[in-house]
Amino acid sequence: MIRECLKIIGTAHVSQNSADEVRAAILEDLPDVVAIELDRGRYQRLMNERNGIVEEDSIHITKIIKENKVGVFLVTTILSYMQNKIGEDVDIKPGSEMIAAVEASEEIGCRLALIDRDINITLQRVLNSMSTWEKLKFLYGIVASVFSSDEEELNIEELKEQSNIDQAMEYFKEISPGAYTALVKERDAYLAKGILGIPEDKVIAVVGAGHREGIINYLDNPETLPSYRELNDMDKKGGIPWLKIILALIPISFVVIFFLAWMNGIHIEGDIVQFVVISMIMGFIGSIVSGSKIQSAIIGGLVAPLTIIHPLLAAGWFSGLAEAKFRRVRKQDINNLGKIESFRDLWNNNIIRILLVVVGTNLGVSIATLVILPSQVFIPLFMKIFGG
């Protein structure tokens, strides 16, 4: 790639003007390569949609829960909802500018380069970088936007202006610095490395407007680029995970207290029964309140005592897996997210209901673990052990 022969087009992903601009630039400049902000998976889905290829409609929600990818799936679903909603508002499908780039490259017979990082890696790194508080703020903002009554007309073209981009990026950075780094800055680097790796001379790169300045900065200072290994590593970074340590110590302390009581000759049969009953009731209540079937709530309740003393298990996984058997999730459920206008619409969406069951069951069991069981079982038992 010759830098002087590189053109970077910053686009809005739901803008007809962007699609027209991309097509015109490619047909006029006749580049050797068109590089686009897509990974292989997203590219294939866009091409299938363009060519009328019907993909499998079912979503294997049980596999998602078993592989502990609920967080990534939830974020993917939310982002799909946001893009589809904006696309409906401005009457254009998300990704139209990328399809325009693909079709124009086919017309002139030039090579197409996919330069974005795998979306699953990006979203996992986003989740790994966010604190629990940041995730809650993010979810609150999404829910608030769903039920917002603001009818102000959206001007997509104004969003591509650098001043508006800078303002949006600063706000994003303020809300969650870690997520900003994973979603924006790291991808700026990944896209820049993809462009630098193109051997042909004349290149047009089609990227989101928010990435353009970052890519240019990295191209001007290639020595600052991190390696692909750093950008693709999905292990959590940072200091000591105190929250995880504390959560793991809680069930261990329960077992230790029971063991000490038994060693001291204290009759703990009643305490064990109370532990089991409270755990089961709270797992059942958490599941049923979140809208599960009665069978799912029963399963969530039955496994709750075991999941409390096993820090690597969660009762919500089991109730969610059971719920997924009763509520078949289809890709249409994701598409319907863009049509949600009320709490009833949200409640009737199978994706949301299953995720709510997972979260609700875990919340019920967490209340039992952190509030009810210590005050009703373990503190009194602890006092008996030490003669309090």
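These exercises work through one predicted model, from the whole chain down to single residues.

**Exercise 1. The whole chain**

Task: Find how many helices and strands the protein chain has, and what share of its residues count as buried.

Solution.
Step 1. Count the elements. The protein chain has 19 helices and 4 strands.
Step 2. Look at burial. The chain has 388 residues, and 44% of them count as buried.
Step 3. Turn to the surface. The accessible surface comes to about 20900 Å². Carbon and sulfur atoms hold 59% of that surface.
Step 4. Check the contacts. Take those between residues at least 6 apart in sequence: 81% of them join residues at least 24 apart.

**Exercise 2. A salt bridge between two helices**

Task: Work out which parts of the chain the salt bridge between Arg50 and Glu103 ties together.

Solution.
Step 1. Start with the total. The structure holds 14 salt bridges.
Step 2. Check the distance for this pair. The side chains of Arg50 and Glu103 meet at 3.8 Å, N to O. The cut-off for a salt bridge is within 4 Å, so the pair counts.
Step 3. Place both residues. Arg50 lies in helix H2 (residues 40-50) and Glu103 in helix H5 (residues 96-108), so the bridge ties together parts that are 53 residues apart in sequence.
Step 4. Add exposure. Arg50 is partly exposed, with a relative accessible area of 29%. Glu103 is also partly exposed, at 31%.

**Exercise 3. Two more bridges**

Task: For the pairs Glu200 with Arg111 and Asp116 with Arg187, decide whether the residues are buried or partly exposed.

Solution.
Step 1. Take Glu200 and Arg111. Their closest N and O atoms are 3.0 Å apart, in a salt bridge.
Step 2. Place them. Glu200 lies in the loop between helix H10 (177-196) and strand E4 (203-208), and Arg111 lies in strand E3 (residues 111-114). The pair ties together parts that are 89 residues apart in sequence.
Step 3. Read the accessibility. Glu200 has 24% and counts as partly exposed. Arg111 has 37% and counts as partly exposed.
Step 4. Take Asp116 and Arg187. Their side chains meet in a salt bridge of 2.8 Å, N to O.
Step 5. Place this pair. Asp116 is in the loop between E3 and helix H6 (119-129), and Arg187 is in helix H10, 71 residues apart.
Step 6. Read the accessibility again. Asp116 is buried, at 5%. Arg187 is buried, at 9%.
Step 7. Widen the view. Asp116 and Arg187 belong to a network of salt bridges that also includes Glu37, Asp39 and Arg42.

**Exercise 4. A buried charge without a bridge**

Task: Explain why Asp271 and Lys384 do not count as a salt bridge.

Solution.
Step 1. Place Asp271. It sits in helix H14 (residues 269-289).
Step 2. List its contacts, leaving out residues up to four places away in sequence. Asp271 touches Phe258, Val377, Leu381 and Lys384.
Step 3. Check the distance. Asp271 is buried, and Lys384, its nearest side chain of opposite charge, is 4.5 Å away.
Step 4. Apply the cut-off. A salt bridge needs the atoms within 4 Å, so Asp271 has none.

**Exercise 5. A nonpolar patch**

Task: Find which helix gives the largest share of the nonpolar patch.

Solution.
Step 1. Size the patch. It covers about 1200 Å², and its residues include Ile245, Trp262, Ile379 and Phe386.
Step 2. Find the main elements. Helix H13 (242-263) and helix H19 (350-385) each give two or more residues.
Step 3. Pick the largest share. H13 gives 8 residues.
Step 4. Look past the helices. Phe386 is in the segment after H19. Phe386 counts as exposed, at 55% relative accessibility.

Key: Residues numbered from 1 in each chain as written. Predicted model: local features only at pLDDT ≥ 70, side-chain atom pairs only at ≥ 80, totals over all residues. Heavy atoms only, no water. Buried < 20%, exposed > 50% of the residue type's maximum accessible area, 1.4 Å probe, protein only. Lys, Arg positive; Asp, Glu negative; His and termini not counted. Contact = heavy atoms within 4.5 Å. Patch = residues over 30% accessible without salt bridge, like charges linked within 9 Å, V, L, I, M, F, W, Y side chains within 5 Å. Areas by Shrake-Rupley, 256 points an atom, 1.4 Å probe, with all protein chains shown as cover.
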